[in-house]
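Welcome! Here is a short guided tour for anyone meeting this protein for the first time. Take a moment to look at the model, and then read on.

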Amino acid sequence: MNVLLKLAGAAALVLAAGAAHAEYPERPVVVINPNSAGGGTDVGIRTWQPYVQACLGNGAALVPTAMPGAASAVGISALKQAKPDGYTIGMANMPNLVTNKLSRPEQPSIDDFVWIGNIIGVSSTFNVQADSKFKTLQEAIDYIKGSSGPINVAMGGVGADDHLVGLQLQKLLGVKLNFIPFGSGADSRNALLGGQVEFALMSNVEAAGFRDQVRPLAVAAEKRTDLFPDTPTFKESGLDLIGGSQHVIGAPKGFPEDALAKWRDCIQKAGHDPKFLEDAKKRSLSLNVMTGEQTEAFIRDQQKLLEELWKSDPWIK
């Protein structure tokens, strides 16, 4: 009888301990946005937020928190410094994560984080006016290579994703392009439409809103974008060029394994949810759903490429 009583008592203690350990998440999770509130990163987070909350369960609440500044460095640094207890995740947007580290060695590196996955990602496009004489990328390349004068190309900011794509393009073509920073993709588009430049680099989303006036000749992606299904990739044109801005989702190193597994699963489920896909389409979001493993592999591949680019064509002198 005493043995049975002891076993019953032990079982009760185990059950009590299990009941005391509530299911993750037990409190709100901060989602750091290294860019401004209301911008593209913020819209992306708030679009997938309800789907991830539902998947996490247990009354999960995500708290998007904008920490802009220094080309995303402020928010990415805050993510690195956050307590790795499962209650802070964030966007370590690419290519900013790598380019910040290259130009400022004290900035966080890839190895300071664990990678949850990716849902939102825009791809850079190489554009002309809709009524341009250039109908294909090859026609534009032939013109560029045969020109004796400077070829003006509009882009957003120095060292930003579109500029990096432009630097890679000129390296692949063996030419020199005259990149003119206009501050944003939207301003680059306006410069193209106003005839100030012959070509402009901007994201597929920025071009999509003006598809009657802008013609992308190529998109810097693995596959054609849904926003421009008839526009070939650079790879289809024989140029190994991929670039844009990926809103990669990470967490500080040491993030609990059980929470990491749950987050990775929920990001995948949210990214493929038909209702989410409808919402993303309504908001003209560009998607690039990747697993945690795919995200890390992508970042490391991009790091190698950008390190080589930094050596040959540093974007900050």
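This is a predicted model, and its mean pLDDT is 91, with 93% of the residues reaching 70 or more. One stretch stands apart from that picture: over residues 1-20 the pLDDT is below 50. Beyond near neighbours in sequence, residues 1-20 have zero contacts in the model.

**The overall picture**

The protein has 317 residues, and 49% of them are buried. Its secondary structure comes to eleven helices and eleven strands. Taken along the principal axes, the C-alpha atoms fill a box of roughly 100 × 40 × 30 Å. Many of the contacts link parts of the chain that are well separated in sequence: among contacts with a separation of 6 or more, 76% are between residues 24 or more positions apart.

**A helix with a buried face**

Let us look at helix α5, which covers residues 137-146. Which residues of α5 are buried? They are L137, A140, I141 and I144. Seen down the axis of α5, these buried residues fall within an arc of 100°, so they line one face of the helix. The general geometry helps here: an α-helix has 3.6 residues a turn, so residues three or four places apart point the same way. What covers the buried residues of α5 includes two strands listed as β4 (113-129) and β7 (199-203), along with helix α6 (161-173) and strand β8 (214-219).

**One residue in α11**

Now find F298, which sits in helix α11, residues 292-312. Is F298 buried or exposed? Its relative accessible area is 18%, and buried means under 20%, so F298 counts as buried. Leaving aside neighbours within four places in sequence, F298 is in contact with M94, Q246 and M290. For a sense of distance, the C-alpha atoms of F298 and S132 are separated by 34 Å, and these two residues are 166 apart along the chain.

**Two pockets**

Rolling a probe the size of a water molecule over the atoms shows where empty space is left. The largest pocket has a volume of about 1,000 Å³. It is lined by 34 residues, and the closest to its centre are G121, K223, L287, N288 and V289. At least two lining residues each come from β4, β9 (244-246), α10 (274-282), β11 (287-290) and α11. Helix α11, the home of F298, supplies the largest share of this lining, with five residues.

The second largest pocket holds about 870 Å³ of space. Of the 38 residues that line the second largest pocket, N35, N96, A160, D161 and S245 are the closest to its centre. Two or more lining residues are given by each of α2 (40-56), α4 (96-103), β4, α6 and α8 (204-208). Helix α4 gives the most, with four residues.

The table sets out the lining of each pocket by class.

| Pocket | Nonpolar | Polar | Charged |
|---|---|---|---|
| Largest pocket | 13 residues | 14 residues | seven residues |
| Second largest pocket | eleven residues | 22 residues | five residues |

**Some unusual backbone spots**

Most residues other than glycine have a negative phi, and most peptide bonds are trans. With that in mind, which residues does a cis peptide bond join at an omega of about 0°? They are Y24 and P25, and P25 lies in the loop between α1 (2-20) and β1 (29-33). A cis peptide bond also joins M94 and P95, with omega about 10°. P95 lies in the loop between β3 (88-91) and α4. M94 has already appeared in this tour, as one of the residues in contact with F298.

Two alanines add to the list. A70 is not a glycine, yet its phi is positive, near 55°. A71 likewise has a positive phi, of about 55°. A70 is placed in the loop between β2 (62-66) and α3 (73-81), and A71 is in the loop between β2 and α3 too. How accessible are they? A70 is partly exposed, with a relative accessible area of 42%, and A71 is partly exposed at 46%.

Terms used. Residues numbered from 1 in each chain as written. Predicted model: local features only at pLDDT ≥ 70, side-chain atom pairs only at ≥ 80, totals over all residues. Heavy atoms only, no water. Buried < 20%, exposed > 50% of the residue type's maximum accessible area, 1.4 Å probe, protein only. Arc of directions from axis to C-beta. Contact = heavy atoms within 4.5 Å. pLDDT = per-residue confidence, 0-100. 1 Å grid on protein atoms, 1.4 Å probe; cavity = no way out; pocket = protein on both sides within 12 Å on 5 of 7 lines; lining within 4 Å. Points joined across faces, edges and corners; volume = space filled by probe spheres on them. Nonpolar A, V, L, I, M, F, W, Y, C, P; charged D, E, K, R; others polar.
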